[in-house]
Amino acid sequence: DLYHCQIVEGDLAMKIRTYLATGRVGHIQIAGVPQRHEPDLGEINHAYLFALLDELGYSGWIGCEYRPANTQPGGTSAGLGWLKPYL
């Protein structure tokens, strides 16, 4: 869970390298830090971390668990624009 890892410990790239090397990562979960909104909002550079996951050969699931920041019409759907570069 990269959201909680950043809140508690930080140093996500090194944590990813360390934990993936154990072979015990079932999936990865993301959200924007600190407000737990869309992953493109906040202090985590998800594009960098996704590239690192590719570099390390991670082929598992990446799940999203966040509260949409957009409360206007279209809400959740309007907030999925961050995902387009990764499809």
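**View 1. Gln6 and Glu43 meet through their side chains.** A polar contact of 2.9 Å joins these two side chains; a polar contact is a pair of N or O atoms within 3.5 Å, where within protein one must be able to donate a hydrogen and the other to accept it, and residues adjacent in sequence count only if both atoms are side-chain atoms. This is a predicted model, so local features need pLDDT of at least 70 and side-chain atom pairs count only at pLDDT 80 or more, while totals for chains, interfaces and linings use all residues. Residues are numbered from 1 along each chain as its sequence is written, and side-chain values use heavy atoms, with hydrogens and water left out. Gln6 sits in helix H1; helices (H or I, at least four residues) and strands (E, at least two) are DSSP runs, numbered from the N terminus. Beyond residues up to four places away in sequence, Gln6 touches Asp11, Leu12, Val33, Glu43 and Ile44, where contact means heavy atoms within 4.5 Å.

**View 2. Here are some backbone oddities in the loops.** Asp11, one of the residues Gln6 touches, is in the loop between H1 and H2. Its phi is positive, about 55 degrees, although Asp11 is not a glycine. Asp11 has a relative accessible area of 47%, so it is partly exposed (buried means under 20% relative accessible area, exposed over 50%, partly exposed in between, with a 1.4 Å probe and protein chains only). Over in the loop between S1 and H3 you'll find Arg36, again with a positive phi, about 60 degrees, despite not being a glycine. Arg36 counts as buried, at 13% relative accessibility. Pro34 is in the loop between S1 and H3 too, and a cis peptide bond with omega of about 15 degrees joins Val33 to Pro34.

**View 3. Glu38 is a buried charge without a salt bridge.** Its place is the loop between strand S1 (27-30) and helix H3 (46-55). The nearest side chain of opposite charge, Arg67, is 9.3 Å away; Lys and Arg count as positive and Asp and Glu as negative, with His and the chain ends not counted, and a salt bridge takes a side-chain nitrogen of Lys or Arg within 4 Å of a carboxyl oxygen of Asp or Glu. What Glu38 does have is a side-chain polar atom 3.1 Å from the backbone nitrogen of Ala69. Among the residues it touches are Gly32, Tyr66, Pro68 and Trp82.

**View 4. H3 turns one face inward.** The buried residues of H3 are His46, Leu49, Phe50, Leu52 and Leu53. They fall within an arc of 160 degrees seen down the helix axis, so they line one face; the arc is that of the directions from the axis to the C-beta atoms. The face turned away from this buried side carries the exposed Asp54 and Glu55. H1, H2, S1 and S2 are included in what covers the buried residues. After H3 comes Gly57, with a positive phi near 80 degrees.

**View 5. Leu53 and Ile62 touch across H3 and S2.** Leaving aside neighbours within four places in sequence, Leu53 also contacts Ile16, Leu20, Ile28 and Tyr58. Ile62, in strand S2 (residues 61-64), touches Ile28, Ile30 and Phe50 as well as Leu53. At 35% relative accessibility, Ile62 is partly exposed.
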